Amino acid sequence: MHGSTRKSGIDRMALVSNTEQVDRIAEKLVEAEKIKGRSLWRDSMDRFLRNKAAVGAMIVLFLVVLFTIIGPYFAQWSNEEIDWDRMGNLAKVGAPSIENGHYFGLDTNSRDLYARTIQGIRTSLLVGVIGAVVAVVIGTLYGAVSGFVGGRIDNLMMRAVDILIAIPYMFVIILLMVIFERSFFMLFVGIGIVGWLDMSRIVRGQTLSLKNREFVEAAHAGGVGWFTIITRHIVPNLLGVVVVYATLLVPAMILTESFISFLGLGVQEPNTSLGALISEGAGTILYGTMWQLGFPLFFFLVIIISLFFIGDGLRDALDPKDR
Amino acid sequence: MTKMPRILFAGLLSTTMLTTAAFAAVVPAGTQLAEDQTFTYRVLDEHSSVDPQVVEDVSGSEIVRDLFEGLYNQDADGNLVPGVALSHTSNDDKTVFTFKLRPDAKWSNGDPVTAGDFVYAWQRLVDPELASPYQWFGEIMSIENVAEIIAGEKPITDLGVTAVDDTTLEVRLTSSLPHFPLMTTHASTFPSPEAVIAEFGADWTKPENIVSNGAYVLTEHKPNERSVRERNPMYWDNANTVIDKVVALVINDENVAFQRYEAGELDRTEIPSGQYPELKVSHPDEATVFPRLCSYYYNVNLRENGPEELKDARVRQALSLAIDRDIIVEKVTAGGQFPAYTFTPEATAGFSVPDVEAANMTQAERDAAAKALMAEAGYPDGFDAQLIYNTSEGHKKIAIAVSQMWKQKLGVNVELANQEWKTFLETRGNGDFDIARAGWCGDYNEASTFLDLVDSGSGYNDSAYNNPMVDDLLMQAKSADDRGPIYTKIEQIIADEVPIIPIYHYAGNYMLDTDLGGWPVNNVEQNWYSKDLYKIAE
Amino acid sequence: MLRYIARRLLVAVPTLLVLIIIAFFLMQTAPGGPFTSERPLPPQVLANIEARYGLDQPLLKQLWTYLVNIVTQLDFGPSYQYKDRSVNDIIAAGFPVTLTYGSISFLVASLVGIGLGVLAAIRHNTLLDYIAVGATFSAQALPNFVMAPILIFVFTLQLGWLPGGGWNDGQWQYLVMPVIALSTSYMASIARITRASMLEVMNSNFIRTARAKGLPDSAIIWRHALKPTLMPVVSYLGPAFVGMITGSVIIDIYFSTGGIGRGYVNSALNRDYSVMLGLTILYGALTILFNLVVDVIYAWLDPKIRY
């Protein structure tokens, strides 16, 4: 119809010049801004939570931690008290039993394995997780910078790593022990100083590959500073392998701790760790005291398996290509 | 601190009455010997050397005793029997000894063993150029000019040993040592082949070069794995040697060693710690324990910098009383050891353990006395202290048990600190401790080898115990005719003052295969010779 | 590439030198020395011993003499602990042993580990994945000091198939258990890293393109996916190889092989300085060498990498 066009044009004009309606539109626009955009991290978190195995593993790990907190309330013996009556006859009377209060049986020194395992899990989880985190952080940054910068600085940094790998670790530990006396903190230092070396090499290798990719080139072209490129572009793409290696590091650290204890630096008696318990238990399997190895090894296995699923879940969640 | 020449006194070991019969394997009549006369045993660690003048560890000495032969050997009961020497005479002062050597002793390359070989060896022992860790043994032997030679002031040819002729060896001492012949069973005094050493230098002990005068020669050596020695046909008593081949396997872990023993790969291994009660029942003919000449004890730091609480003798007595030694030897170490309330072991020749009060009380009585003493000293609620020991499962077990006893009974909170071996030695040697674990084995079979440790001048007095009265008594004992009462007095003082807390006296323990015969269980120094062993047919 | 390798080899010399200097001074700071013993030696005796070994010289002079001896005569000094042998003797006796069982373990661990990892990745979230991963758990859960006594218990004591230890010049019966114990220690890590890396690679664009082109799985894996997958694996394998051929203390202790892994720990505990330094140099040289090898392999795996 002839009149409609003219009318819509006048109507449109009328819309725009109608301030009330403009206000309403403006309000709606402001509200639209408040709706947050979904970040990639949020995406990852969602995907992780959807991974049943990973969530299951987190729950299991949480239960283990809960066990270490609540477990002591059920313990009838402390972790250092010797059961004098049952001593010297462990194969026969040292087995796990509910009646005599030794739920996990007795350890090689006739002390309650239940209380000691709880305390050992606590120590080992702390050592393993914190140690791995420290190694990951230092190793990743060091390796990424070295690989990215390349050239002479890469050479220098990696030769330094070569030297550090080859230095007799035992002397460093002995020295630490002599200068600083044994303490829990020193144990972390002792483990932390070597944990990051292998990680840095792996990260550097990956970085050497990644830095030639197009998106890095693009970031360069866009004028992004090199440190930001490393932290915002390279590291997130490394995380898959880093996370998996980190979950491998935790049990390795737990076992390294028992080696350090041999040198006198580690956890001191009567405190113990899973590594020490496993080590003691392994020596006595011949003599009919299987539980001494069984219980600590069981928890060690649970921790390893949970960490694997969590690590795998994280890797899946963080992989930017896995859609 | 230089060691003063010691004057050793005879115990029951008479040094002048030696038979001249050949002593080797004493095989009971009617025993059928096995076809394969190979003896395989386990050693904990690789030995340091098989050079007689250099060897310093037990596993090395075992090998050296088979490869070389000194003036005298020991029989199964620890008595002296002829080796290269047939007999000896001495002057009235006991400062000059003349040894008559047998004319038929030979090196494995056919050369005769002469007195000159002993002169060479003993000069070599104290030669600063060789720098043997056992130079100080020469000083114990009190040979003329030893100290000056070690200090480099006189040449080694000035040493007080002379080869009067090929079969006569003369030794001149600087002090009277009736026991001098006892020392000739020690590996450091064994002869060495001058020509071979001149030719090969430091490589002379390799199997392809070595020449020895004992019942065996070294045929194979794989470091940290095994060493093999085989019959030396040139040995003067070879006809009486039964075992053809001896294999020493280095197995560091005692449980693995036990498994291999069970699998038949070994004839002898140590009983894994704590397993003796079970094995006594399951393997009654194989699990063997016997007394040893060693003591296990804790040093208490009595230096200025030591803990205040431990300076009070009552506190130390309380600590000693509160230890239930029966539990320790029966349940913790469980290896046939002997609870110790005094320092010197019962097994020492010519020594009888003095009767101290603590030994006769029940543990309940000891605990009560301990509590009373602590209260009297002003520590009814206990105190804190630190106990150091070198890393080892065994030491750890004992330390855990003792610390728990102290905590439960006296409220003494002991922090346990293990250190690796060298750090531990430094820490203990420097007196940087409260309480430190220690062990001592006798150098010879007489009580002074233990009691000299509490002499304030002794370099091994880690507690830094200083009691002039004890020093005096020790001095008297050296020249007294009847040392028994003096030793008893010293032990009584030790029990009262507790500079060291004795825990137990060692027992040697082995799993010995039933087909192995001749093991010298009565020799407390455990100087064993493969030539005295034999394998029975099964 | 050749110029790069040459440059790296040149740099290796000062790197080793720095290592030696650090290790030398580090050792001296630890308490105790080679002659600290339960029965302290009389001072004169100690003085004689130190004079003989040159330990009474100032430290810098000792270091200089040590370096000169190595360069001119390839003589790494005497052992202070094992007085009949020199460091050269000890390394010559022990290194071939460790090298043998280490290399074999490495081959086994890499082949099995990478194989398991690839399998698990391409059959992600299926039964095969879980079995492969489960196998790695078992390997990890039994650290070698637990596995070794169990192996001896089963194979020597119960079955009687294998000797309980020793080396016997490397006869195969003596190799089996050490190789099993050593390779399983590393297998789990190799498998997991391979798996994780392959999963990432399988999701990348160029694999998607290959699939879209209709290439069969085997071609995709072998021709396209394997090389990029191996990058992080190779980073791990380099140090792992060096670790295996220089030193498994646990294997040496439990199986009495006479290898140098034990020698390393012993020399530290005994303060046998010359052996310690000699082994450190060996370890350092091998580390430097194989890190170079790994870097060269990187360039082969990823053609875009330039040095």
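These legends go with close-up views of a predicted model.

**View 1. Helices H3 and H13 of chain A pack against each other.**
Here we're looking at H3(A), residues 40–50, and H13(A), residues 291–318. Their axes sit 8 Å apart, and the packing angle is about 140°. Angles over 145 would count as roughly antiparallel, so this pair is classed as oblique. The crossing of H3(A) past H13(A) is right-handed. On the H3(A) side, the contact uses A:Trp41, A:Ser44, A:Arg47 and A:Phe48. H13(A) brings A:Ile310, A:Gly313, A:Leu314, A:Asp316, A:Ala317 and A:Leu318. Sort that contact by class and you get 6 nonpolar, 2 polar and 2 charged residues.

**View 2. Strand E15 of chain B pairs with strand E14.**
E14(B) covers residues 384–390, while E15(B) covers 413–419. The two strands run in the parallel sense, with 7 bridges between them. To get your bearings in the pairing, find B:Tyr389, which stands opposite B:Asn418 of E15(B). As for its surroundings, E15(B) has 5 of its 7 residues buried, so the rest of the structure largely encloses this strand.

**View 3. Strand E16 of chain B pairs with E12(B) and with E14(B).**
E16(B) takes in residues 435–441, and 6 of its 7 residues are buried, leaving the strand mostly covered. E12(B), residues 287–300, runs antiparallel to E16(B) and is joined to it by 7 bridges. With E14(B), the pairing is in the parallel sense and spans 2 bridges. A handy landmark is B:Ala436 in E16(B): B:Asn299 stands opposite it, and so does B:Ile388. When picking out side chains in views like this, keep in mind that they alternate between the two faces of the sheet in a regular strand.

**View 4. B:Asp267 is a buried loop residue between helix H6 and strand E11 of chain B.**
The loop holding B:Asp267 links H6 (254–262) to E11 (268–269). Relative accessibility for B:Asp267 comes out at 6%; the cut-off for buried is under 20%, so this residue counts as buried. What does B:Asp267 touch, leaving aside residues up to four places away in sequence? Its contacts include B:Thr38, B:Phe39 and B:Thr40, along with B:Tyr261. B:Met511, B:Leu512, B:Asp513 and B:Asp515 are also touched, and B:Lys535 completes the list.

Technical notes:
Residues numbered from 1 in each chain as written. Chains lettered and ligands numbered in written order. Predicted model: local features only at pLDDT ≥ 70, side-chain atom pairs only at ≥ 80, totals over all residues. Heavy atoms only, no water. Axes fitted to C-alpha atoms, helices over the stretch in contact; angles between N-to-C directions. Helix = DSSP H or I, 4+ residues; strand = E, 2+ residues; numbered from the N terminus. Parallel < 35°, antiparallel > 145°, perpendicular 65-115°, else oblique. Left-handed = near helix turned anticlockwise from the far one by under 90°. Contact = heavy atoms within 4.5 Å. Nonpolar A, V, L, I, M, F, W, Y, C, P; charged D, E, K, R; others polar. Buried < 20%, exposed > 50% of the residue type's maximum accessible area, 1.4 Å probe, protein only. Pairing = 2+ DSSP bridges.
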